[in-house]
Amino acid sequence: MIVAQQKNIKDIAEMVADAQKVLLAGCAGCVTVCLAGGEKETEVLAAALRIMRKLQGNPLETVTYVATRQCDPEYIEAMDGLVKDVDAVISLACGVGVQYLAERFKDKWVVPALDTKFVGGAVKHGVWEERCGLCGDCVLHRTGGICPIIRCSKSILNGPCGGSQNGKCEISKDVDCAWQLIYDRMKALGKLDKLMEIQMPKDWSKARDGGPRRAIREDVIIG
Amino acid sequence: MSTAKVGAVLVVGGGIAGIQASLDLAESGYFVYLVESSPAIGGTMAMLDKTFPTNDCSMCILSPKLVECGRHLNIKILTMADVVDVRGEPGNFTVTVRQRPRYVDVEKCKGCGECAEACPIEVPSEFNQGIGERKAIYKPYAQAYPNAYVIDKENCIECGSCEEACQAGAIDHSMAEETLELNVGAIVLCPGFEKFDASQLFYYGYGRFPNVITSLEFERILSASGPFQGHMVRPYDKKEPRRIAWIQCVGSRNFRLDHGYCSSVCCMYAIKEAIVAKEHTKEPLETTIFFMDMRTYGKGFEKYYERAKEQGVRFVRSRIYEITEVEDGSKNLRIRYANEDGSISVEEFDLVVLSVGLEPSPAARELCQRLGLELNRYGFVELGSFTGIATSRPGIFVAGAFCGPKDIPETVMQASAAAGEAATLLAEARGTLVREKEFPPEKDVRGEEPRIGVFVCHCGINIGSVVRVPEVVEMAKNLPHVVYAGEYLYACSQDSQAAMKQIIDEYKINRVVVASCSPRTHRPLFQETIREAGLNKALFEMANIRDQCSWVHMNEPDKATEKAKDLVKMAVAKAALLEPVPQISAGVTKAALVVGGGVSGMTSALSLADLGYQVHLVEKEGELGGVARRIREGLKGEDVPSFLRSLIEKVKAHPKIELHLGTEVKETAGYVGNFVTTLTSGKEIQHGVTVIATGAREYKPSEYLYGESDRVFTQLELEEALAQGDPRVSGAKTAVLIQCVGSREPERPYCSRICCAKSVKLALKLKEQNPQMKVFVLYRDIRTYGFLEDLYLEARRKGVIFIRYTPENKPVVEKADGFIRVTATDHVLGVPVIIEADILGLAAAIVPQETNHQLSQLFKVPLNEDGFFLEAHMKLRPVDFASEGIFLAGLAHGPKNLEENIAQAKAAAGRASTVLSKKVLESHGMVAVVQQDKCAACLTCVRLCAYNAPRIRNYAAYIEPLLCQGCGTCAGECPNKAITLHGYKDHMQMALSGALFKEV
């Protein structure tokens, strides 16, 4: 899933400083699961903004809504009625949701409440880690199911490098060396020979470097 | 001419053991008479400040049990009562009980305390160990049950002030002693212990020097409800001490005073007091514990000890010569002691705490003599071999410190075991004497306009003398939806309760608000009353205008009155939104699954089968017996193989036990009362409870040449070799036993508990076979707790040589020609000693089963950091898992000896029977529910619930109402607000705070 975290509330308040009434739009997808933008966080943020503005002598009116997902047009249509009489929309979705709202509500000031961090998962309650670099050309079958693109600080394909010390990456003692993990796992699987194959330079055009991407499934497109 | 068995049990002693035994029995379908000689139940646990090793507040965890026990329909509590005589036979005893007069009618007294205010006589408070005073009319402690006062006639001057002050008319000076005859089927004795009288040891100065106090006195000083409200000061001059010393083994391990046994709990409580003392002061505090051996042998204890060292508690291995008072007027103390190497030190302290031992009370000893029970040489009850709880007289069981010093969890465990055994004895009479509360059918109030009744209590003058109650009532009458408001002297008294029911009827009230005291103690009472009036118990709200208002604002009546009004407004606003909550119930499959066919599993299985329940006993190996098959002799010299044989025969022959050998659990699902488990054999079992008793293993050492020399044995191997007359052992001239092999090490930081006693026993056995043999035990601390200390003394008397080593300086073991060279540093001489040993015995650790992890995931029950199963609460729920309906016993829980495992196995069976004896299990109502279409299946509730109630089912969370305890954690944490808690919905809480801030 997409992992996001809430911005500093002062920064959020600043973005809607001119507004008298705002809609806070939560999302029941990834950001609910990573505890950043579900109904609870949406209500809490709304209350916090109201309190803040009241203390400043400039009361703010809030409306809240939680979409099933903000990354599908059908789910945000339902907000049409609410958006009409607000001055701004604060999206508690990932960057996708913010843009979908901005696209749909063309005359509204739409701002993000979250920083979209990475694609990853929970390692325990309250801790999430990055797992996928969205490179567009998966190599996990060659690396024992451990991604060198995103989990190696240098994204090298033929690791480890000289910065691997006692299983840790030189950038921090808290970061595992991905190539150590890959080596250990391949060894456990009895497939160390696979690591002897030299990986050719990756075709980064399939990644973000090739410009904005689009995925199409011709077979399911209607009309 | 056998008489019919009686479905009632007498429990003697109202400490934690008696309370637990009573609750278990009452919940299993037996009527209980709980006889307590003091004016209130609670025992010693009520006096403690914190409890080790979790540092839970003792009173906070005890008081819910007091309330539950006090309110139980099938427990009759007789305080100030003593058992005089027991006649009859197991299954049908007639017990004579003498009840001393209280001079206060317990039914009428509401515990308001006006009488004590008026009483002019002050005497030292027993509860506070003589520090501080109580009146001649008093309640032993604030949370006491019965919540009623008592007159101490010895000190009463009969001035009549209390009678004048009592608005309830509860005082009756004419009360006289009464004699009662009780008919019961079994008896559970839990009279507890007395603390050793330290003034017998002149050299410690107790009673002579004011700043030498006992550990129990120090508990009261630390306690927030104690004489100094928790301010840690010396009783002598009320000054905070800067240097405190604890002296261990005061009245324990002292054979001159015939107290040769170890009191088992003092090491831990001293560490706890030292840690807690540090928390009580902002100033630096030096804490020093003078000890001989540090006996932190229980589960989690070794870590607690290590943590104390990190927190700066100083431990001095020493012998104390004497304590003298410093002659500078400070009343400080000077301790003169010998260090381990024989050198003498002198140190000054502001306060000295004597860690006094436990001994049986003379009254309890006398009772046992009257009952003809066998006592041991120290006057404690002698337990029948491998029974864990049986006395020498059938039908009479014992639990707690009265059969040997022990801590709270072991006491609770034994209490559940004794209750289980009593229940088994009386199985045919189960349910014959218990009463069930019946309520009229519930009125359907859904869709009705709220009609709220407000009942405001004066609580004698507790509330009424501060808060102007009539004003509160007048205000309440004008609140929305309120159709009635009235005032009551005691809302909880019987006449008020009767009036309440009548008024609910008369005014067609459908929501009730009581403004009085704490919901913790009184909500269940009022809820029962409204149920009697045909209302759902969820249609009730309480405002605490006593504890949270009149008591804390007693000098500000105006403000307190306004606050009381606010509290009532809030409660009324919420009450208007309350909805009835349906009671969810489910049937119970009357069968048990016991996992593990060792002694613990078999014992649990037999107990449950004898109670009449079908038992499925699953053992992964092809035969029963577990690790006990390798044990030849018990610590008291018992014949283990024949005990085991007879146990296995009983299990095999029992018609209610189905054996599944060579089988493991494959899958399990369901919840308390209704589990379904599939075995590897493919068989599917339906059961209401599960007992996990999967045992543990002996560690295979990688140290001290184990596996490299045939002269090196583990304890179990040495026991086997001894029994078989192995020439390596019988021909040996010198034997060395090394302790803590694999225990108390960084990778296994726990103590394996039983190896010290086992090694001492093996040393004695070696000496018995060959008195000429030189036997050395190399140890870190000898942990022969309780009566096992006698073995240690015997071993030293018979010439076994004990040499202490430290983890930094472990013995060195080398192969030599025809022997093993062991080098250790002598702790007295400080020089290396070389021993040429023929055999070497290693006290290898007890390690958890490798399958524990898998079982933990399968049954969704936790393991601790060491890999043993973790119980629901280290103190008060030692055999329960947090998940309802699953219990644990034996080595799977942690290292213990055979006797202790048997007690725990019986306890698990006893606890399990509280579930199996029920016709239906009812949810307590105020449970959390998931609105499934809002659920993102994010797992937050699943991960956070302490009771494993939520599961993901069909891509959304589902909370099993019978498992939900209504704590509200999930409702608070759900990121999409998909979970609501009955009775605490957002809009209710918003209305509540809205009412408070309406005018702001």
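Which strands of chain B do the buried residues of helix 21 of chain B pack against? The points below address this and other features of the model.

1. Basis of the note. This is a predicted model, in which local features need pLDDT of at least 70 and side-chain atom pairs count only at pLDDT 80 or more, while totals for chains, interfaces and linings use all residues. Residues are numbered from 1 along each chain as its sequence is written, and chains are lettered from A and ligands numbered from 1 in the order in which they are written.

2. Helix 21 of chain B. In this helix (residues 852-859; helices are DSSP runs of H or I with at least four residues, strands runs of E with at least two, numbered from the N terminus), the buried residues are Asn852(B), Leu855(B) and Phe859(B). They line one face of the helix, because seen down its axis they fall within an arc of 65°, the arc being that of the directions from the helix axis to the C-beta atoms. A residue is buried if 20 or more other C-beta atoms lie within 10 Å of its own, exposed if 12 or fewer, and partly exposed in between, with C-beta atoms placed from the backbone. The other side of helix 21 of chain B carries the exposed residues His853(B), Gln854(B) and Gln857(B).

3. Packing of that face. The buried residues of helix 21 of chain B pack against strand 32 (665-671), strand 35 (689-692), strand 45 (846-848) and strand 46 (886-888) of chain B; contact requires C-beta atoms, placed from the backbone, within 7 Å. After the helix comes Lys860(B), with a positive phi near 55°.

4. Arg295(B). This residue lies in the loop between strand 17 (286-291) and helix 7 (301-310) of chain B. Arg295(B) is buried, with 29 other C-beta atoms within 10 Å. Leaving aside neighbours within four places in sequence, its contacts are Cys262(B), Cys267(B), Asp781(B), Arg783(B) and Tyr785(B). Thr784(B) is 489 residues away along the chain, yet the two C-alpha atoms are separated by 8.1 Å.

5. Helices 17 and 19 of chain B. The axes of helix 17 (residues 715-723) and helix 19 (residues 755-769) of chain B come within 11 Å and cross at roughly 25°. These helices are therefore roughly parallel (angles under 35 degrees). On helix 17 of chain B, Gln715(B), Leu718(B), Glu719(B) and Leu722(B) meet residues of helix 19 of chain B that include Cys755(B), Ser759(B) and Leu762(B).

6. Chain contact. Nine residues of chain B are in contact with 10 residues of chain A.

Key. Axes fitted to C-alpha atoms, helices over the stretch in contact; angles between N-to-C directions. Parallel < 35°, antiparallel > 145°, perpendicular 65-115°, else oblique. Contact = placed C-beta atoms within 7 Å.
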